[in-house]
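Opening the notebook on this one. I want to go through strands, salt bridges and a few single residues, one entry at a time.

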Amino acid sequence: MRVIIIGAGQVGESIAADLDGNHEVVVVERDADRVEDLTYSLDVLAIRGDGTSLSVLREAGIEEADMFIATTDNDETNIVACATAKAVSDPFTVARVKNTEHLRTWQQSGDAFGIDFMVCTNLLAAEAIVRIIGLPAARDVDPFAEGRVQMAEFEVGADSPVADQTVREADRFDSLTFAAILRNGSIVIPGGESVINAGDRVVVIGSPESVQAFSDALTPADSPGAPEEVVIVGGSEIGYHVARLLEERGLRPRLIEYDHDRARRLAEELPGTIVMESDATKADFLEREHVGDADVVVSALDSDEKNLLVSLLATRLGANRTVAVIDTPAYVELFEAVGVDVGLNPREVVAEEITRFTHEGGAENVALIESDKAEVLEVEIDAESALAGRPIRESIADLPAGVVVGAITRGGEFVTPRGDTVVQQGDHVVVFVDIAVVDDVTPKL
């Protein structure tokens with residue numbers, strides 16, 4: 001495909017890096033330094049210019065483009081860029097927005113703005129946070145096969161019951177597959193005798209019930225299961241949507257917002273949420289409001305540094321778990337190293353959502369593991385697939401190392417994959433693939 005990407009920020013660069021090996025990629029960016037960086041780091045054509053300019057788009061080859069992705073940090077720029085592209089050609093257009101009103105308008109109209117697919121940063125981030133909240137110890141959770149399959153990544157603590165157990169000992173669930181162990185920056189494809197060490201991150205794929213059961217088994221006996229007490233710090237768009245989604249799940253979260261007018265509006269719009277007006281960076285307030293009793297504290301302020309401070313204060317007061325929204329990608333690993341349990345970068349979530357539209361081989365859903373370590377793909381099996389009509393043990397042997405069949409759905413029913421399971425045409429298969437072999441494997445699936 002010929003793919004034009006508008007904006008060379010984190011989202012644009014991530015998508016370009018995923019595509020540059022197999023597609024003709026053009027990136028349009030206003031910043032000359034970013035253009036130069038991309039020219040040397042990726043196999044793409046980087047053009048300096050305004051992505052809403054028709055002359056610039058023609059220079060990028062808009063008439064021959066198959067896909068057009070607008071990923072700048074400005075909603076209006078992305079919308080206008082897609083509309084301009086549609087005015088002169090007919091690529092599949094994808095726009096990234098932050099404002100949920102734009103998303104709602106697009107959803108209600110069907111084809112507003114000339115956009116074929118729209119992703120909302122704030123809503124996607126909130127949905128990811130709520131999925132993480134629902135599973136103790138989870139660092140990442142993604143649904144597949146219309147919710148019939150879940151992929152989750154868990155961190156194994158020193159006091160976890162499965163620490164130092166083999167995979168065979170830890171695997172007490174009928175519909176769960178241990179897809180990978182992430183250890184010291186490397187991926188280990190586990191066998192039955194592989195030992196799960198404290199500090200490992202384990203990727204499992206299975207039915208939602210089995211993933212929940214594994215999550216419960218992973219945590220110490222004195223830790224809570226599903227959270228009952230959730231505190232959200234910051235009434236940003238992300239904070240608002242987290243509260244709203246938790247209300248829909250029957251929880252009654254508490255939300256702390258400093259701005260008086262914003263707090264008042266949130267109290268009116270979130271009837272199932274207790275809204276408090278205060279500065280949550282003050283330890284005496286957090287202590288007075290018993291934030292340390294919370295199962296989960298979500299920090300969604302407008303500053304990475306404030307989110308770090310709130311998370312560390314909450315942990316010091318006794319909160320069981322902290323999730324922080326981190327806008328700067330380089331800070332995620334650092335913040336987690338100093339005490340934040342889960343750092344979530346909204347741009348990474350958006351890049352992952354857009355990536356599934358660009359996958360060769362027709363992947364219906366894609367999840368990225370640790371941003372760049374591996375991918376989990378959902379594919380519908382056709383007659384040409386290397387998996388079709390063969391036992392998994394036989395077909396996997398013909399694929400490169402680093403591929404694990406994690407789950408199968410057939411006719412809407414979950415099928416647990418085992419070595420003698422025969423994959424049928426029309427099955428939906430969820431597959432873990434090491435990033436080193438993903439370009440080779442994906443077309444064969």
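**Entry 1: strand S22**

Which residues point one way from S22, which point the other way, and are they buried or exposed? I looked at the side chains: His428, Val430, Phe432 and Asp434 go to one side, while Val429, Val431 and Val433 go to the other. They are all buried. I note for the record that this is a predicted model.

The alternation itself is no surprise to me, as side chains in a regular strand alternate between the two faces of the sheet. S22 covers residues 428-434, and seven of its seven residues are buried, so I put it down as mostly covered.

Next I asked which strands pair with S22. Strand S19 (residues 374-380) is joined to S22 by seven bridges, and the two run antiparallel. To pin down the register I picked Glu375, which sits opposite Val433 in S22. Strand S20 (residues 403-410) also pairs with S22 in the antiparallel sense, over six bridges. Here my register marker is Thr409, which stands opposite His428.

**Entry 2: strand S16 and its partners**

I moved on to S16, residues 322-325. Thr322 and Ala324 face one way, Val323 and Val325 the other, and I find all of them buried.

How does S16 pair with strand S15 (residues 296-299), and over how many bridges? They are parallel, with three bridges. Ser299 has Ala324 of S16 as its bridge partner. I then traced the connection: the chain leaves S15, passes through helix H12 (residues 304-317) and arrives at S16, making a right-handed β-α-β crossover.

The next step along the chain goes to strand S17 (residues 342-344), which is parallel to S16 and joined to it by three bridges. Val323 is opposite Val342 in S17. From S16 the chain crosses through helix H13 (residues 329-338) to S17, and I get a right-handed β-α-β crossover here too.

**Entry 3: salt bridges**

How many salt bridges does the count come to? I get 27. Side chains of opposite charge can pair when their charged atoms come close. I took three pairs to look at by eye.

Arg168 with Glu193: the closest N and O atoms are 2.7 Å apart. Arg168 lies in helix H7 (residues 167-170) and Glu193 in the loop between strand S10 (186-188) and strand S11 (201-206), so this pair ties together parts that are 25 residues apart in sequence. Both Arg168 and Glu193 are exposed.

Arg201 with Glu336: their side chains meet at 3.8 Å, N to O. Why do I call this one a tie between distant stretches of sequence? Arg201 belongs to strand S11 and Glu336 to helix H13, so the pair links parts that are 135 residues apart in sequence. Arg201 counts as buried because its relative accessibility is 18%. Glu336 counts as buried as well, at 16%. I followed this pair outwards and found a network of salt bridges linking Arg139, Glu153, Glu155, Arg201 and Glu336.

Arg244 with Glu248: a salt bridge at 3.0 Å, N to O. The two are four residues apart in helix H9 (residues 237-248), which means about one helical turn separates them. Arg244 is partly exposed, with 23% relative accessibility. Glu248 is exposed, at 58%.

**Entry 4: Asp75**

I went to Asp75 in helix H4 (residues 75-88). Asp75 is buried but has no salt bridge. How far away is the nearest side chain of opposite charge? That is Lys98, at 6.2 Å, and the cut-off is 4 Å.

What Asp75 does have is a side-chain reach to the backbone nitrogen of Asn99, at 2.9 Å. Leaving out residues up to four places away in sequence, I list Arg96, Val97, Lys98, Asn99 and His102 as touching Asp75.

**Entry 5: Arg264**

Last lookup: Arg264, in helix H10 (residues 260-269). Is Arg264 buried or exposed? Its relative accessibility is 55%, so I mark Arg264 as exposed. I also took a long distance from here: the C-alpha atoms of Arg264 and Pro391 are separated by 59 Å, with the two positions 127 residues apart along the chain.

Notes:
Residues are numbered from 1 along each chain as its sequence is written. This is a predicted model: local features need pLDDT of at least 70, side-chain atom pairs count only at pLDDT 80 or more; totals for chains, interfaces and linings use all residues. Side-chain values use heavy atoms; hydrogens and water are left out. Buried means under 20% relative accessible area, exposed over 50%, partly exposed in between (1.4 Å probe, protein chains only). Lys and Arg count as positive and Asp and Glu as negative; His and the chain ends are not counted. A polar contact is a pair of N or O atoms within 3.5 Å; within protein, one must be able to donate a hydrogen and the other to accept it, and residues adjacent in sequence count only if both atoms are side-chain atoms. Contact means heavy atoms within 4.5 Å. Two strands pair if DSSP finds at least two bridges between them. A crossover is right-handed if, with the strands pointing away from the viewer, the path from the first strand over the helix to the second runs clockwise.
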